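Visitor: Please take a close look at one part of this model, the aromatic side chains and the core around them. I would like the geometry and the burial together.

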Amino acid sequence: MALPRTIHEQLAARFGTRIRYTAPLLAGPDAVENCVWVLSRSSLLYVKVYAREGQLQLAEVITAPDEAEIRYFFERLAAAFPLAEYGLQAAGDDPKRLCRLIGHLFKNTTCA
């Protein structure tokens, strides 16, 4: 997200050079071949899809306030990618819930 200059200046004045900016989409899975990596934070899902050669195919942030939204997104994702050939790596607020909810779509699941 964009950060207004005044906020950045206030943070820099208080914390100096110790400030690091990052985003969840900069993170990712350990093994990336044929992998879907999902990070849940609050009502947001950060999703990355990697192909056989470890190439990033999709990076998306979606609002998923409930299980119906999550199921719908992954049903649509399954129409674009053969998820039965992919592994799922779930992380974040409740990775076990994600694995229970959508894990049946994948070859294997890892909940971190």
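Guide: Phe 74 has a relative accessibility of 0% and therefore counts as buried. This is a predicted model, and the values that follow are computed from it. The neighbouring ring belongs to Phe 73, which is also buried, because its relative accessible area of 16% falls under the 20% cut-off. The ring centres of Phe 73 and Phe 74 lie 5.2 Å apart with the planes at 90°; an angle over 60 degrees counts as edge-to-face, so that is the class of this pair. Ring pairs also bring in Phe 106, which forms a cluster with Phe 73 and Phe 74.

A further pair joins Phe 81 and Tyr 86: the centres are 6.3 Å apart and the planes stand at 70°, so this pair too is edge-to-face. Phe 81 and Tyr 86 are both buried. The count of aromatic pairs comes to three.

Phe 74 also belongs to the largest nonpolar core, a set of 21 residues. Phe 74 is listed there among the residues with the most contacts inside the core, together with Val 36, Leu 45, Val 47 and Leu 77. At least two core residues come from each of β1 (35–41), β2 (44–50), α2 (67–80), β4 (87–92) and α3 (95–102).

Leu 45 shows how these parts meet. Leaving aside residues up to four places away in sequence, Leu 45 touches Phe 74 and Ile 70. Other contacts of Leu 45 include Val 38, Leu 39, Ser 40, Glu 60, Val 61, Ile 62, Ala 64 and Leu 98.

Notes:
Residues numbered from 1 in each chain as written. Predicted model: local features only at pLDDT ≥ 70, side-chain atom pairs only at ≥ 80, totals over all residues. Heavy atoms only, no water. Core = buried A, V, L, I, M, F, W, Y, C linked by side-chain atoms within 4.5 Å. Buried < 20%, exposed > 50% of the residue type's maximum accessible area, 1.4 Å probe, protein only. Helix = DSSP H or I, 4+ residues; strand = E, 2+ residues; numbered from the N terminus. Contact = heavy atoms within 4.5 Å. Phe/Tyr/Trp six-rings, centres within 6.5 Å; stacked < 30°, edge-to-face > 60°.
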